[in-house]
Amino acid sequence: MELTGAEIFVECLKEEGVETIFGYPGGAVLFLYDELYKQQDKVNHILVRHEQGAVHAAEGYAKATNKPGVALVTSGPGATNAVTGIADAYMDSVPLVVFTGQVPRHLIGNDAFQEVDIVGITRPCVKHNFLVTDVKELATTIKKAFYIASTGRPGPVLVDIPKDITTARCEFHYPAEITMRSYNPTVKGNKRQVRRALDLMLEAKKPVLYTGGGVVLSGAAHQLTELTRELGFPITNTLMGLGGYPSMDPQFIGMLGMHGTYEANNAMHHADLVIAIGARFDDRVTGNIEKFCPYAKIIHVDIDPASISKNVKVDVPIVGDVKNVIVDMLEELRSRSERPDAAALADWWKQIDEWRKANCLKYNQDMNASIKAQFVVEKWWEVTHGDAYICSDVGQHQMWAAQYYKFSQPNRWINSGGLGTMGFGLPAAMGVQMAFPEETVACITGDGSIQMCIQELGTCLQYHLPIKVISLNNGYLGMVRQWQEFFYQKRYAMSYMEALPDFVKLAEAYGHVGMRIEKPGDVEGALKEALAMKDRLVFMDFITERENNVFPMVPAGAGQNEMILV
Amino acid sequence: MRHVISILMENEAGALSRVAGLFSARGYNIESLTVAPTEDATLSRMTLVTRGSDEIVEQIIKQLHKLIDVVKVMDLSQFPHIEREMMFIKIAVDKNTACEAVKRLSDIFRGNIIDVTDKMYTIELTGDRQKLDAFVNAVRDFRILEVVRSGSMGIARGEASLHV
């Protein structure tokens, strides 16, 4: 039987097992929406308030589930509004399929109403994109889109569908398998390289494991934990890798990088072997690249060959899926009689424990002074027993969330790491809450970030998403202000937001519960009260210390061992 | 170092701009670029000439591989290879002496005169880059009206080849 393009579109979603999509209708996608309406019991569509929110929500869904997130937006402004989310997904390797409407084929290139060349616009920030030019190619294209998005190094794939394709008809056939001669990611690591890596690991005196988002994406947290424990090496996680190893474990030395711990950064600096797994030597991790890991040999495991030796020359590159390679490493380790040098490791741990004594994340909450943001995050971790999904926006609060919420599981820490997109948190939390309706999902945010996608409070009401919004309100764009304090002689150019709204009233206007918390003594009670409101979104506006800084810090241009502690 | 990179890619709309966009987005330079379909019309073959340190060229090749439309990439500079470029050059021959002189130079360089009017010759010339440069220098005393160069094409010598 012949189906219309719109029918094929929905059939493909069903074939891919897509349960939830996030989107916003418009002229070019009306037939698609009409079909979604007819099949609303099959595919659940969440109506956001702005297309950026749709893509971030799909990202949140994907980051929490490791399944591709799906967004649907219209042509022109609908598509351009989605670009920030697409770029965000590209930087953080989030599997995403974004469908955009396009003007009918005969109008393409005509400057038609709501026409943009979205395939051209997004080309540099997608893993791949397609313009569908024939309805007969629609099903195969969608199959390819899901395949490309979710295999290899995951990423966003955009499918642009002209309106007339959605009404054109053809026989529907969904390919069960797809092979592409131009795309065959290497998933199995080279055995010889794994053996070379093991040689170095067994010789090392001062080794450190440095693992990133790739561990979470590959679902390798369990295997990584096994390997780390068998080796007895210290392990640090990148911002994206948090949760890939249980933070409360004694071998965990904290996050590394610009706002990483003193012990993690020093361990990296002094190490004689760095084992990088699913991490990409981002500039926020390395600091000054000239001063990075001066004494270390480097092993780098990554599924993306282009990530290897991009920023830092690597001694043993291993291209492959992180999980496969870790399993191979474990096998190789178990097949050998040698074990890591216990005496050397004991000395190394002694040194690390010295660095730990700096207690670099200590802060003092004076119960009679204003609330410290760190205190709120730490209390939230306590009351949720470290089990909540934490979505964060971008800025100081993001760093505090990363430092003080001690993740014990992967996929629970959902933030915008690479692109650093303010406004990410709330819509991402919607995506997570849709995936896990029964779980506690929090959005840790700031008074600046929350306003970038605050309209999504409407979506949360419509779909009864009981997100806990933890606003660490300091009346500043805090991270900008911090840099201006340190590096621009306190000239606070545009980092102060006059005329902040009353967030409590705003939350109430959207039909939610709003709270303002001003005293440290009220923090825990408020968090518990919010947590108890299982079926309501609670917006907690914590009025926090205004000029609080994120420490420790590697200033721009410094080496990893040159940290400002307080 | 100058590198000649051969790329076999899907003959899809937008494939060329993915390659060109990659170079501009990552700040790599393109000295020349030629592209056309192969004997298999679903594939295009591109020759791209770039300059960069070994690290940069290694990164360029990895980034090219990463493009979904790219099937195979080969750095011809790593192999014995042949490089050719084609040029059309239009030269004014309005002075009496010019006709003979230009024709002689064209013969020396094994060029073909492919169009003639009473005022100008159009010469077709194939060779490596240096030969074409040398010819342009040789005819500088005449009035050059137009130069069209194809950019380099390359192919490996012997067994090494780039195919699916």
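**Packing and backbone features of the two-chain model**

Buried residues account for 26% of the 164 residues in chain B. This is a predicted model, and chain B makes a handy place to start. Its secondary structure adds up to 4 helices and 9 strands, and along the sequence these run in the pattern β-α-β-β-α-β-β-α-β-β-α-β-β. Measured out along the principal axes, the C-alpha atoms of chain B fill a box of roughly 55 × 35 × 35 Å. As for how the chain is wired together, take the contacts between residues at least 6 apart in sequence: 73% of them join residues at least 24 apart.

Now for the cores. The largest nonpolar core has 197 residues, and the members that touch the most others are Ala71(A), Val274(A) and Ala442(A). Leaving aside residues up to four places away in sequence, Ala442(A) touches Trp380(A), Ala388(A), Tyr389(A), Ile390(A), Cys391(A), Ile467(A), Lys468(A) and Ile470(A). There is also a second, separate core of 11 residues, which includes Ile91(B), Val102(B), Tyr121(B) and Phe135(B).

One of the contacts of Ala442(A), Trp380(A), is also one of the buried residues of helix H15 of chain A. This helix spans residues 373-383 and is mostly covered, with 9 of its 11 residues buried. The buried set runs through Ala373(A), Gln374(A), Phe375(A), Val376(A), Val377(A), Glu378(A), Lys379(A), Trp380(A) and Trp381(A). What do these buried residues of H15(A) pack against? Their partners in chain A are helices H16 (396-404) and H21 (520-532), together with strands S17 (441-446), S18 (468-473) and S20 (538-543). Just past the end of H15(A), the backbone does something of its own: His385(A) takes a positive phi of about 55°.

The pairing of H15(A) with H21(A) can be described in more detail. Their axes are 10 Å apart and the helices pack at an angle of about 40°, so H15(A) and H21(A) are oblique to each other. The crossing is right-handed. On the H15(A) side, the contact uses Phe375(A), Val376(A), Lys379(A), Trp380(A) and Val383(A), which meet Pro520(A), Val523(A), Glu524(A), Leu527(A), Lys528(A) and Leu531(A) in H21(A). Sorted by class, this contact has 8 nonpolar, no polar and 3 charged residues.

Elsewhere in chain A, helix H8 (residues 191-203) and helix H13 (residues 322-335) form another pair, with axes that come within 10 Å and cross at roughly 60°. H8(A) and H13(A) are therefore oblique to each other, and H8(A) passes H13(A) in a right-handed crossing. From H8(A), the contact draws on Lys191(A), Val194(A), Arg195(A), Ala197(A) and Leu198(A); from H13(A), on Val325(A), Asp328(A), Met329(A), Glu332(A) and Leu333(A). These residues split into 6 nonpolar, no polar and 4 charged.

Turning to where the chains meet, 12 residues of chain A are in contact with 17 residues of chain B. The chain A side of this contact divides into 6 nonpolar, 3 polar and 3 charged residues. Ser309(A) gives a close-up of the meeting of chains: setting aside residues up to four places away in sequence, Ser309(A) touches Glu58(B) as well as Val314(A) and Pro317(A). Ser309(A) sits in the loop between strand S13 (297-302) and strand S14 (316-319) of chain A. With 18 C-beta neighbours inside 10 Å, Ser309(A) counts as partly exposed. Ser309(A) also lies 9.2 Å from Arg280(A), C-alpha to C-alpha, although the two are 29 residues apart in sequence.

A few backbone oddities round things off. Most residues other than glycine have a negative phi, and most peptide bonds are trans. Against that background, His464(A) has a positive phi of about 50° without being a glycine. His464(A) is found in the loop between helix H18 (457-462) and S18 of chain A, and is His464(A) buried or exposed? With 11 C-beta neighbours inside 10 Å, His464(A) counts as exposed. Gln489(A) likewise has a positive phi, near 50°, and belongs to the loop between helix H19 (478-487) and helix H20 (503-509) of chain A. Gln489(A) is exposed too, with 7 other C-beta atoms within 10 Å. Finally, Phe551(A) and Pro552(A) are joined by a cis peptide bond, with omega about -10°; Pro552(A) lies in the segment after S20 of chain A.

Definitions and conventions. Residues numbered from 1 in each chain as written. Chains lettered and ligands numbered in written order. Predicted model: local features only at pLDDT ≥ 70, side-chain atom pairs only at ≥ 80, totals over all residues. Axes fitted to C-alpha atoms, helices over the stretch in contact; angles between N-to-C directions. Helix = DSSP H or I, 4+ residues; strand = E, 2+ residues; numbered from the N terminus. Parallel < 35°, antiparallel > 145°, perpendicular 65-115°, else oblique. Left-handed = near helix turned anticlockwise from the far one by under 90°. Contact = placed C-beta atoms within 7 Å. Nonpolar A, V, L, I, M, F, W, Y, C, P; charged D, E, K, R; others polar. Buried ≥ 20, exposed ≤ 12 C-beta atoms within 10 Å, placed from the backbone. Core = buried A, V, L, I, M, F, W, Y, C linked by C-beta atoms within 7 Å.
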